[in-house]
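Got your viewer open and your selection syntax warmed up? Let's walk through this one stop at a time.

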Amino acid sequence: MLRLPSIGACALALAAFPRAAWAHVGRAPEPHDLWTTWTFAPVVIIGLTLTCWLYARGVRALWRAAGVGRGIARWRVACFAGGVATLALALLSPIDGVASALFAVHMLQHMLLVVVAAPLLILGDVGTAMLWALGIAARRRVGTWWHSRRVLPAIWDVLRRPLVAFTLHVAALWLWHVPTLYDAALRHESVHVAEHASFLLTALLFWYPIADAHPRRRFGVGVATLYLFAAGLQCTMLGALITMARHAWYFGHYATTAAWGLTPLEDQQLAGLVMWIPAGLVYLVALVPTVLPVLRGGGQWVASPTAAGVSARGTP
């Protein structure tokens, strides 16, 4: 049975709608505004709710056919819940509002999307759940449609190659922290939407071959180690550059940090530290489940039961 790339299913709520990554417009909040800066973004709320409903529907159908915990393990469902909660935290909580005032909080928001929400959603095996949310006839139509579109599978095969996925992910991180582009994202809603969507989409693409539920689609130990180490290194380098700069780069925050007791340069240094240390470490921590089996002499991961053994009719 065909499993469409889970990246598309994960990113639907952000990529399909123009206001999903709510831009920072209007007066920047101050400390006394903190608990009134919750972002009411109907499309984000509806999108996340619909995604959760489809995921739950798919998991229930799969567990009814294969047994509870089979096909998609319980811990993967917990990962999906954590990924959705992280998206809500990044896009709806006061983090989104305060991000217009403080670069450090804006950086935190970006890192939540890139190194927390994205890998958790991939670990949740959203693609399999979404397919099982469809009826049997619909699953077959989707499979037929996908295989009949030769260009789309070819594009997908290119995008998931290590060098391509890595380059797109790193390019998004570096380009959107170029001062001109970053300030444009603060001023213009459409640019800010593109920024958030590109962060999440390229991060999903990056984490897919590392955290995918199906071992045959994951990178080998050697490629995965180099892939993650290089990603952690570039994140550390960019964070260090931002932290050690002698002057503040981002004019959009020059008039908004004083209310929070920070100078623009101090705010930028905090932002750099967020990317440099905790975010950079995530890539290195992700190496542990990759290399640990080899260090133990186990060779390969032991795969959990997947939906591969469950037919389209819903029987093992």
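A disulfide, for this tour, is a pair of cysteine sulfur atoms within 2.5 Å. Searching the whole structure with that in mind turns up 0 disulfides. Keep in mind as you click around that this is a predicted model.

**Stop 1: the cysteines**

Select Cys52 and Cys235. Which of the two is buried, and which is partly exposed? Cys52 is partly exposed, with a relative accessible area of 28%. Cys235 counts as buried, at 1% relative accessibility. We'll run into Cys235 again later.

**Stop 2: the whole chain**

Switch to cartoon. You should see 14 helices and 0 strands, so the order of elements from the N terminus is just α, repeated to the end. Now try a surface: the protein chain exposes about 14,700 Å², and carbon and sulfur atoms supply 71% of that. Of its 316 residues, 50% count as buried. As for how the chain folds back on itself, take the contacts with a separation of 6 or more: 76% of them are between residues 24 or more positions apart.

**Stop 3: the core**

Nonpolar side chains in soluble globular proteins tend to be buried together. Here, the largest nonpolar core has 74 residues, and the ones touching the most other members are Phe206, Trp207 and Tyr283. Helix α5 gives the most to this core, with 13 residues.

Centre on Phe206 and show what surrounds it. Setting aside neighbours within four places in sequence, Phe206 is in contact with Ala165, Phe166, His169, Tyr227, Leu228, Ala231 and Tyr283. Some of those names come back when you look at rings: ring pairs link Phe166, Phe206, Trp207, Tyr227 and Tyr283 into a cluster.

**Stop 4: ring pairs**

Show every Phe, Tyr and Trp side chain. How many aromatic pairs are there? The count is 12, taking rings as paired when their centres lie within 6.5 Å. Zoom in on Phe103 and Tyr250, a tilted pair at 4.5 Å centre to centre, with 55 degrees between the planes. Phe103 is in helix α5 (residues 103-123) and Tyr250 is in the loop between α12 (221-244) and α13 (264-285), so the pair ties together parts that are 147 residues apart in sequence. Both Phe103 and Tyr250 are buried.

Next, pick Phe166 and Tyr227 out of the cluster. They are tilted too, at 6.2 Å centre to centre and 55 degrees between the planes. This pair links distant parts of the chain, with Phe166 in helix α9 (residues 162-175) and Tyr227 in helix α12, 61 residues apart. Phe166 and Tyr227 are both buried.

One more ring before moving on: select Trp63 and Arg74. The charged end of Arg74 sits over the Trp63 ring, 5.9 Å from its centre.

**Stop 5: Met275**

Go to helix α13 and select Met275. How much relative accessible area does Met275 have? It has 0%, so Met275 is buried. Beyond neighbours within four places in sequence, Met275 is in contact with Met107, Met111, His177, Cys235, Leu238, Gly239 and Gly280. There's Cys235 from the opening stop, in the contact list of Met275. Draw a C-alpha distance from Met275 to His110 as well: you'll get 9.3 Å, for residues 165 apart in sequence.

**Stop 6: an odd phi**

Most residues other than glycine have a negative phi. Select Asp125, which is not a glycine but has a positive phi of about 55 degrees. Asp125 lies in the loop between α5 and α6 (126-132). It is buried, with a relative accessible area of 3%.

**Stop 7: two partly exposed residues**

Select Leu89 in helix α3 (residues 74-92). Leu89 counts as partly exposed, at 40% relative accessibility. Not counting residues up to four places away in sequence, Leu89 touches Ile95 and Leu112. The C-alpha atoms of Leu89 and Gln109 are 8.5 Å apart, with their positions 20 residues apart in sequence.

Finish at Arg217, in the loop between α11 (189-211) and α12. Arg217 also counts as partly exposed, at 23% relative accessibility. Draw one last C-alpha distance, from Arg217 to Arg160: 9.5 Å, for residues 57 apart along the chain.

Key:
Residues numbered from 1 in each chain as written. Predicted model: local features only at pLDDT ≥ 70, side-chain atom pairs only at ≥ 80, totals over all residues. Heavy atoms only, no water. Phe/Tyr/Trp six-rings, centres within 6.5 Å; stacked < 30°, edge-to-face > 60°. Helix = DSSP H or I, 4+ residues; strand = E, 2+ residues; numbered from the N terminus. Buried < 20%, exposed > 50% of the residue type's maximum accessible area, 1.4 Å probe, protein only. Lys NZ or Arg CZ within 6 Å of the ring centre and 35° of its normal. Core = buried A, V, L, I, M, F, W, Y, C linked by side-chain atoms within 4.5 Å. Contact = heavy atoms within 4.5 Å. Areas by Shrake-Rupley, 256 points an atom, 1.4 Å probe, with all protein chains shown as cover.
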